[in-house]
Amino acid sequence: MLKAAVKLGSQLDFERVQMQDIATESEVAIATLYRYFPSKVHLFVGVMKTEMDDLDPALLAVGPGRDPVEVTADLLATITRTMTRNRRLSMSMMQSIILSESLDCPDRDAIEDRFLEMLLEISGWSNGPTDDQKRRCWLVIQAWFGVLVTTMSENRPLDMAELDIRRACELLLG
């Protein structure tokens with residue numbers, strides 16, 4: 001079902017993707033699709049969660065001589081570059097994240113928790129982080145998401161977006 005959502009979400013804007021088409025493409029009954037994903041929003045949040053789960057662990061590695069701020073900026077810039085390669089699907093995932101705020105959507109919570117956990121880990125703050133450290137990481141996530149939205153809507157060039165992401169990381173995590 002998620003593969004079908006990726007395929008159709010890559011071809012059509014979010015508004016044009018139909019749950020029936022996803023069910024048909026994935027060769028399941030529509031009731032089965034709705035059992036796992038109560039709405040299209042839930043489905044594309046599920047796609048985003050899968051993408052998060054598939055992140056290369058090497059992107060999170062703070063090896064010798066690597067600055068945690070640099071690693072964080074590199075991670076977010078890499079995700080941004082990856083998302084710009086398939087704007088249509090990425091916009092569907094982002095719209096779903098925004099729309100899911102008013103829904104009971106466990107995958108959305110898992111995505112937010114995973115992002116926060118990753119940034120705390122990279123920053124060396126994962127073992128008993130303070131409220132301020134959590135807040136700083138959360139603000140980096142929010143700044144990145146804002147930059148991502150403007151970049152995906154083609155209102156900010158990718159090279160400028162990467163500079164913005166790096167500066168936000170420097171200011172908030174440095």
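The dialogue below goes through a predicted model and how to read some of its features.

Student: Where do I start, and which helices and strands are there in the protein?

Tutor: Start with the secondary structure. The protein has nine helices and zero strands. Read from the N terminus on, its elements run α-α-α-α-α-α-α-α-α.

Student: How do I judge the overall build, and what is the radius of gyration of the protein?

Tutor: The radius is set against what a rule gives for a globule of that length. Here the radius of gyration is 17 Å, close to the 16 Å from the globule rule for 174 residues, so the protein is as compact as a globular protein of that length. The C-alpha trace spans about 50 × 35 × 30 Å along its principal axes.

Student: What do the contacts say about the chain?

Tutor: Look at how far apart in sequence the partners are. Taking contacts between residues at least 6 apart in sequence, 69% join residues at least 24 apart.

Student: How much of the protein is buried, and what is its accessible surface?

Tutor: Buried residues account for 39% of the 174 residues. The accessible surface is about 9,300 Å², and carbon and sulfur atoms hold 52% of that surface.

Student: How do I read the largest nonpolar core, and which residues touch the most other members?

Tutor: Take the member residues, then ask which elements supply them. The largest nonpolar core has 49 residues, and Ile-22, Phe-115, Trp-144 and Cys-169 touch the most other members. Helices that each supply at least two residues of this core include H1 (2-11), H2 (19-26), H4 (40-53) and H5 (68-84). Helices H6 (87-99), H7 (106-123), H8 (131-152) and H9 (158-173) are also among them. The largest share, eight residues, comes from H8.

Student: Cys-169 was on that list; what is Cys-169 in contact with?

Tutor: Leave aside the neighbours within four places in sequence. Cys-169 is then in contact with Val-69, Thr-72, Ala-73, Leu-76, Val-140 and Gly-174. Cys-169 is buried, at a relative accessible area of 0%.

Student: How many disulfides does the structure hold?

Tutor: The structure holds zero disulfides. For Cys-137, the nearest cysteine sulfur is that of Cys-169, 9.2 Å away.

Student: Why is there no bond between Cys-169 and Cys-137?

Tutor: The test is the distance between the two sulfurs, and a disulfide needs them within 2.5 Å. The sulfur of Cys-169 has its closest cysteine sulfur in Cys-137 at 9.2 Å, which is too far for a bond. Cys-137 is buried, with a relative accessible area of 0%.

Student: What is the idea behind a salt bridge, and how many does a search of the whole structure find?

Tutor: Side chains of opposite charge can pair when their charged atoms come close. A search of the whole structure finds 14 salt bridges.

Student: Which residues meet Asp-74 in a salt bridge?

Tutor: Arg-66 does, with 2.6 Å from N to O. Arg-166 also forms a salt bridge with Asp-74, and there the closest N and O atoms are 2.8 Å apart. Arg-166 lies in helix H9 and Asp-74 in helix H5, so this pair ties together parts that are 92 residues apart in sequence.

Student: Are these side chains buried or partly exposed?

Tutor: Compare the relative accessibility of each residue. Asp-74 is partly exposed at 23%, Arg-66 is partly exposed at 31%, and Arg-166 is partly exposed at 27%.

Student: What about Asp-164, and which residue does it form a salt bridge with?

Tutor: Asp-164 forms a salt bridge with Arg-156, the closest N and O atoms being 2.7 Å apart. Asp-164 is partly exposed at 26% relative accessibility, and Arg-156 is partly exposed at 29%.

Student: Which residues do shared partners join into one network?

Tutor: Salt bridges with shared partners join Arg-66, Glu-70, Asp-74 and Arg-166 into one network.

Student: To finish with a single residue, where does Lys-40 lie, and is it buried or exposed?

Tutor: Place the residue in its element, then check its cover and its contacts. Lys-40 lies in helix H4 and is buried, with a relative accessible area of 17%. Outside its neighbours within four places in sequence, Lys-40 is in contact with Phe-14, Glu-15, Val-17, Met-19 and Ser-96. Lys-40 and Arg-167 are 35 Å apart in space, C-alpha to C-alpha, and 127 residues apart in sequence.

Terms used:
Residues numbered from 1 in each chain as written. Predicted model: local features only at pLDDT ≥ 70, side-chain atom pairs only at ≥ 80, totals over all residues. Heavy atoms only, no water. Buried < 20%, exposed > 50% of the residue type's maximum accessible area, 1.4 Å probe, protein only. Core = buried A, V, L, I, M, F, W, Y, C linked by side-chain atoms within 4.5 Å. Helix = DSSP H or I, 4+ residues; strand = E, 2+ residues; numbered from the N terminus. Contact = heavy atoms within 4.5 Å. Salt bridge = Lys/Arg side-chain N within 4 Å of Asp/Glu carboxyl O. Rg over C-alpha atoms; globule rule 2.2 N^0.38 Å. Areas by Shrake-Rupley, 256 points an atom, 1.4 Å probe, with all protein chains shown as cover.
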